[in-house]
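Work through the exercises below with the sequence and the model at hand. Each task is followed by a solution in steps.

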Protein chains: 2
Amino acid sequence: MTVTVAVDAMGGDIGIDVTVPAALNLLSLDPDVNLILVGQQDLIDRKLKKLRFKPTPRLTIHHASEVVSMDEAPALALKKKKDSSMRVAIDLVKLGQANVCVSAGNTGALMATARFVLKMMPGIERPAIATKMPSINGHVYVLDLGANVDCDAEHLQQFGIMGSTLCAAIDGIEKPTVGLLNIGHEAIKGGEVIKQAALLLASSPINFYGNVEGDDIYRGTVNVVVCDGFVGNIVLKTSEGLAWMLSQMIKNEFKKNIFTKLAALIAMPVLNSFRKKVDHRQYNGASLLGLKGLVVKSHGGADAYSFRHALQYAVSEHRNNVINRIETTINKLNFSEHAQ
Amino acid sequence: MTVTVAVDAMGGDIGIDVTVPAALNLLSLDPDVNLILVGQQDLIDRKLKKLRFKPTPRLTIHHASEVVSMDEAPALALKKKKDSSMRVAIDLVKLGQANVCVSAGNTGALMATARFVLKMMPGIERPAIATKMPSINGHVYVLDLGANVDCDAEHLQQFGIMGSTLCAAIDGIEKPTVGLLNIGHEAIKGGEVIKQAALLLASSPINFYGNVEGDDIYRGTVNVVVCDGFVGNIVLKTSEGLAWMLSQMIKNEFKKNIFTKLAALIAMPVLNSFRKKVDHRQYNGASLLGLKGLVVKSHGGADAYSFRHALQYAVSEHRNNVINRIETTINKLNFSEHAQ
């Protein structure tokens, strides 16, 4: 089955110098993918020429005259820039001309535009951002990562159901375990919203593990970790900061003197193999879940290797039927609630 | 000035096998410290004999017949165990027989008992747990770490003032920078409580930096990071989990085969020096702030080296006059509020 991906070619800190090479790379890797590069025709054309790209019907350009900047207010972007590369890429999903769209642009604008154009799935009140993070035994899906600052218990329940379904679809795990991020494993921990969410999750058609703590994310305790967007964003950024600090410190330690530099030379292959395993670029690509269409967010600062991973992740979302599967699980939930 | 520390000798996952050796170690390191070991007299006596301790008036035993277990409900511990080592150690601070007390016991019970016995400082509504965490350029104080799950803007403001004063007192920094943990640097980010807290912090007699993100903790952006106890606990645990995972992965990488094992041998001194720098044991000792007396919480799983650090941290809190300094800053705040 051929998958068509609409690529917001202008989005991200870097734009076409990242998105176009990543797109061409994917074309050569996956014969069943077609790409639509959305953005300023002349700039994209020039870039393609520079990369000596041989025209193929598998790659088309869809002109969009405007660009949403990285710090633009989401509401303004939505209202004023109806011909932005981001908006047009989402429109193509809405119109059925693409199966999924990928953008490295402004997260808030992407979320607001996607929600406006594609609408929410029935039964889901808020979209959530979900991504894979590394864990000791593979990876873990974490959501929400910043779309929702204040969540009630029902929202957290819906995130749990969407996360479980996403993990089942992408990784082929039949009954993924879902944990609720809390400050203790005991049911008495946390505020009222979290206690209520635990009860709702326990009564949902998923494999609810119970409360998990921050360290459980990396211990591989569960397949999916649910939290509100404020906490999720803090988890992600804190982890980025700690990983950065540790790598800086270890580098400095190896650079100290001639002996440590020699040691570094000898340890290099081992350190590189380690680095490859925890390379965050292979985890690039976050799902905007709960919408009636597939939208994938790439890290704004992604390089071409990293952006290609986001494109591949988007392709796997469509191939694994993520939208239909979430709809089915939500319908089951509504059915069981009405049956009560 | 001699400092007298009341030590909850029975507290923690391990108890006297950790607390007593740590106490003796500190006695030999710091001639201006006296210690009161609080707990079961016969057990402590036996341990001291085993360690061939020569009696000195600098170390006394204060018998307490009960022990609060690590998973005991705080309210029950407070109500039922009036002769626990934890309770009696706090009582000694209240009675002026000790300047500060240190416990590795049940955090909830310690907080509840300390609050009940010592009472809150005027102007502070909620106690907070503060600790040092490593950062690229030294360390950063983070609070609250779990005492308060739901905080309003005034609580966060009070945490900022207490954290700033703690940092100024312990590190001798005149105007420590204080950041509010949020999901973006812009003032429009976060929910209502956090926006309101930012306004209050900006009008407080401290050096308020503004919003910081999770990675700023480790980037050394500010001296003090303020958050509610739910988020603080998640930050701490997530960091523990990530550091654990990375160290496991790097160990496994070096254990792979004979060549990587050789590389490990050569890189060992460098890796050990790195490990020493980020050794969390030297950061052991969290302050319970906002009470009318000094209480320091040690990690429950601390070893003797780590527990000694908590004892030393407690001594430095008293030497640096933390209680009076916080009272003075809070009075300034109240004065300026009344003057408005």
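**Exercise 1. Strand 6 and strand 9 of chain A**

Find how many bridges join strand 6 of chain A to strand 9 of chain A, and state how the two strands run.

Solution. Step 1: in this predicted model, strand 9 of chain A covers residues 224-226, and 3 bridges join it to strand 6 of chain A. Step 2: the two strands run parallel. Step 3: for one residue pair, take A:Val142, whose bridge partner in strand 9 of chain A is A:Val225.

**Exercise 2. The whole sheet of chain A**

Give the strand order of the sheet in chain A and identify the strands that stand at the edges.

Solution. Step 1: the sheet is open, has 11 strands and follows the order 3-2-1-4-11-10-5-6-9-7-8. Step 2: its pairing is mixed. Step 3: the edges are held by strand 3 (59-63) and strand 8 (207-212) of chain A; each has a single partner strand, so one side of each lacks a neighbour in the sheet. Step 4: on average, neighbouring strands are turned by 25° against each other, direction ignored.

**Exercise 3. A:Asp144**

Place A:Asp144 in chain A and decide: is this residue buried or exposed?

Solution. Step 1: A:Asp144 sits in the loop that links strand 6 (138-143) and helix 6 (153-171) of chain A. Step 2: a residue counts as buried when 20 or more other C-beta atoms lie within 10 Å of its own. Step 3: A:Asp144 has 29 C-beta neighbours inside 10 Å, and therefore counts as buried. Step 4: leaving out residues up to four places away in sequence, A:Asp144 touches A:Ala128, A:Ile129, A:Phe159, A:Cys227, A:Asp228, A:Gly229 and A:Gly232. Step 5: for a separation in space, take A:Lys189, which is 45 residues from A:Asp144 in sequence and 20 Å from A:Asp144, C-alpha to C-alpha.

**Exercise 4. Two domains in chain A**

State the bounds of the domains of chain A and describe the side of domain 1 that touches domain 2.

Solution. Step 1: the domain assignment gives domain 1 as 1-124 + 290-320 and domain 2 as 130-282. Step 2: the C-alpha centres of these two domains of chain A lie 26 Å apart. Step 3: in the contact, 9 residues of domain 1 meet 8 residues of domain 2. Step 4: on the domain 1 side, helix 5 (107-118) and helix 11 (304-319) of chain A each supply at least two residues. Step 5: helix 11 of chain A has the largest share of that side, 4 residues. Step 6: by type, the domain 1 side holds 3 nonpolar, 6 polar and no charged residues.

**Exercise 5. Chain B against chain A**

How are the two copies related, and through which residues of chain B do they meet?

Solution. Step 1: a turn of 180° with a shift of 0.0 Å along the axis lays chain B on chain A with an RMSD of 0.0 Å. Step 2: the copies are thus related as by a two-fold rotation axis. Step 3: 100% of the interface residues of chain B are interface residues in chain A too, so the copies meet through the same surface. Step 4: the contact takes 46 residues from each of chain B and chain A. Step 5: on the chain B side, helix 8 (216-219), helix 9 (229-254) and helix 10 (258-278) each supply at least two residues. Step 6: helix 9 of chain B gives the most, with 21 residues. Step 7: the chain B side divides into 25 nonpolar, 12 polar and 9 charged residues.

**Exercise 6. Helix 4 of chain B**

How many residues of helix 4 of chain B are buried, and what covers them?

Solution. Step 1: helix 4 of chain B spans residues 85-94 and is mostly covered, with 9 of its 10 residues buried. Step 2: the buried residues include B:Met86, B:Val88, B:Ile90 and B:Leu92. Step 3: among the elements that cover them are strand 1 (3-8), strand 4 (100-103) and helix 5 (107-118) of chain B. Step 4: just after helix 4 of chain B, B:Gly96 has a positive phi of about 80°.

Definitions and conventions:
Residues are numbered from 1 along each chain as its sequence is written. Chains are lettered from A and ligands numbered from 1 in the order in which they are written. This is a predicted model: local features need pLDDT of at least 70, side-chain atom pairs count only at pLDDT 80 or more; totals for chains, interfaces and linings use all residues. A residue is buried if 20 or more other C-beta atoms lie within 10 Å of its own, exposed if 12 or fewer, and partly exposed in between; C-beta atoms are placed from the backbone. Two residues are in contact if their C-beta atoms, placed from the backbone, lie within 7 Å. Domain bounds come from an automatic or database domain assignment. Ala, Val, Leu, Ile, Met, Phe, Trp, Tyr, Cys and Pro count as nonpolar, Asp, Glu, Lys and Arg as charged, and the others, Gly among them, as polar. Copies are superposed by least squares on the C-alpha atoms of residues with pLDDT of at least 70 in both. Two strands pair if DSSP finds at least two bridges between them. Axes are lines fitted to C-alpha atoms, for helices over the stretch in contact, and angles run from 0 to 180 degrees between N-to-C directions.
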